[in-house]
Amino acid sequence: MFIDCKSIAKSIDEETIALTRLTKPKLVSLAVNPDEGTISYLKSQQKKAKSLNVEHEIFVLDNVEILSEKLLEFSKDETVHGIFVAHPLPKGADELQVASLIDPEKDVEGRNPVNLGRLMYGEEGFAPCTAAAIVEILTRTTQLMGKNVVIVGRSNTVGLPLSVMLLRRDRSATVTVCHTKTQNLEEKTLQADIVVVAVGHAGFLKPEMVRENALVIDVGINVVGDRVVGDVDPEVEKKCSLTPVPGGVGVVTTAILMNRVARIASRGGKV
Ligand SMILES: NC(=O)c1ccc[n+]([C@@H]2O[C@H](COP(=O)([O-])OP(=O)(O)OC[C@H]3O[C@@H](n4cnc5c(N)ncnc54)[C@H](OP(=O)(O)O)[C@@H]3O)[C@@H](O)[C@H]2O)c1
């Protein structure tokens, strides 16, 4: 069975629209030498922003020095409420240094070390949007307390922050985080009540790697020919509850991103 993520996104959008009736939120998205995939993602962000009355400007830049200048400028600009930087950054760029230039109160993707630190104290207002989207989907779909969750992938934007969020005492899942050096991955995923896959390999999680009736969250976005597919083999849907790709984690992530910009605008910097 596929999980209906579009209706989750819709309910978040409803709150965003209510907020944008009262304020004029503005998001700026910056990218250095973006590839086609990134440009297409930024355009979809723009379409979504328009539909929710969030003002949105995209800046395509040549190098990280200009990016740094722009981040300082927008961090000070009171008409800008949210700052989004497309990743990956060019080879050799210092990610921590770039993230540190974003005002933590406008850091809608939760990359600034201040916001990653807040996460350790259970403050999730600026948690990375994809991790926040997965928590939203899980909490609306199941009880997490004591459940065995296996996360495959440990990136700073998905696996790592998600593990911290699921361990928070009010959720208290038992979390295992796997990566390329994990041995006997299948043994671990087969034990899980919930499997989250964020590896970036099309069809990576096979039906034989999950148990009957498990809940599976597919974070992957892979372009295969002219199609976008996830990290989970679609056959998994026959034995588990699965988030679709497209129309799954991605739509909830964008809804949360826009909601955050609207909240920042309406609450004077606090989400
Ligand atoms: N839907 C959304 O909103 C959204 C948002 C962000 C990303 N994504 C998608 O999610 C996927 C992952 O993105 P990301 O940024 O988290 O990726 P990433 O930074 O490339 O990290 C990939 C992770 O997967 C692990 N991994 C790769 N191959 C593996 C294997 N064979 N076995 C076990 N672990 C493996 C890596 O392990 P090591 O650490 O050992 O290298 C790494 O931790 C991509 O398809 C991306 O497009 C979607």
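Which residues does Phe204 touch, not counting residues up to four places away in sequence? In this predicted model, the list is Val152, Leu185, Val197, Val199, Met209, Asp231 and Val232.

## Phe204 and its surroundings

Phe204 sits in a loop. Strand S6 (194-197) comes before that loop and strand S7 (215-218) follows. One of the Phe204 contacts, Val197, belongs to strand S6 (194-197).

Is Phe204 buried or exposed? Neither label fits: its relative accessible area is 27%. Buried means under 20% and exposed means over 50%, so Phe204 counts as partly exposed. Gly220 offers a distance check: 16 residues separate Phe204 from Gly220 in sequence, and their C-alpha atoms are 9.4 Å apart in space.

## Two domains

The protein is split into domain 1 (23-110 + 254-266) and domain 2 (129-251). Domain 1 is thus written as two segments, 23-110 and 254-266. The contact draws 7 residues from domain 1 and 6 residues from domain 2. The C-alpha centres of the two domains lie 26 Å apart.

## The interface

How much area do domain 1 and domain 2 bury between them? The value is about 490 Å², with 52% of it on carbon and sulfur atoms. On the domain 1 side, Glu109, Thr254 and Ile256 lose the most area to domain 2. Together these three account for 69% of what that side buries.

The domain 1 residues that touch domain 2 comprise 4 nonpolar, 1 polar and 2 charged. Between the domains there are 0 salt bridges. Polar contact is present, with 2 residue pairs, both at pLDDT 80 or more.

## Thr254

Thr254 is among the domain 1 residues that lose the most area to domain 2. Where does Thr254 lie? Its place is in helix H9, residues 249-266. Domain 2 (129-251) ends and the 254-266 segment of domain 1 begins within the residue range of that helix.

Why does Thr254 count as buried? Its relative accessibility is 12%, and the cut-off for buried is under 20%, so Thr254 falls on the buried side.

Two kinds of neighbour can be named. A polar atom of the Thr254 side chain lies 3.0 Å from the backbone oxygen of Gly250. Beyond its neighbours within four places in sequence, Thr254 is in contact with Tyr41 and Lys48. Tyr41 and Lys48 have numbers inside the 23-110 segment of domain 1, and Thr254 opens the 254-266 segment.

Definitions and conventions:
Residues are numbered from 1 along each chain as its sequence is written. This is a predicted model: local features need pLDDT of at least 70, side-chain atom pairs count only at pLDDT 80 or more; totals for chains, interfaces and linings use all residues. Side-chain values use heavy atoms; hydrogens and water are left out. Helices (H or I, at least four residues) and strands (E, at least two) are DSSP runs, numbered from the N terminus. Buried means under 20% relative accessible area, exposed over 50%, partly exposed in between (1.4 Å probe, protein chains only). Contact means heavy atoms within 4.5 Å. Domain bounds come from an automatic or database domain assignment. Buried area is the accessible area (1.4 Å probe) that two parts lose on being put together, summed over both. A salt bridge is a side-chain nitrogen of Lys or Arg within 4 Å of a carboxyl oxygen of Asp or Glu. A polar contact is a pair of N or O atoms within 3.5 Å; within protein, one must be able to donate a hydrogen and the other to accept it, and residues adjacent in sequence count only if both atoms are side-chain atoms. Ala, Val, Leu, Ile, Met, Phe, Trp, Tyr, Cys and Pro count as nonpolar, Asp, Glu, Lys and Arg as charged, and the others, Gly among them, as polar.
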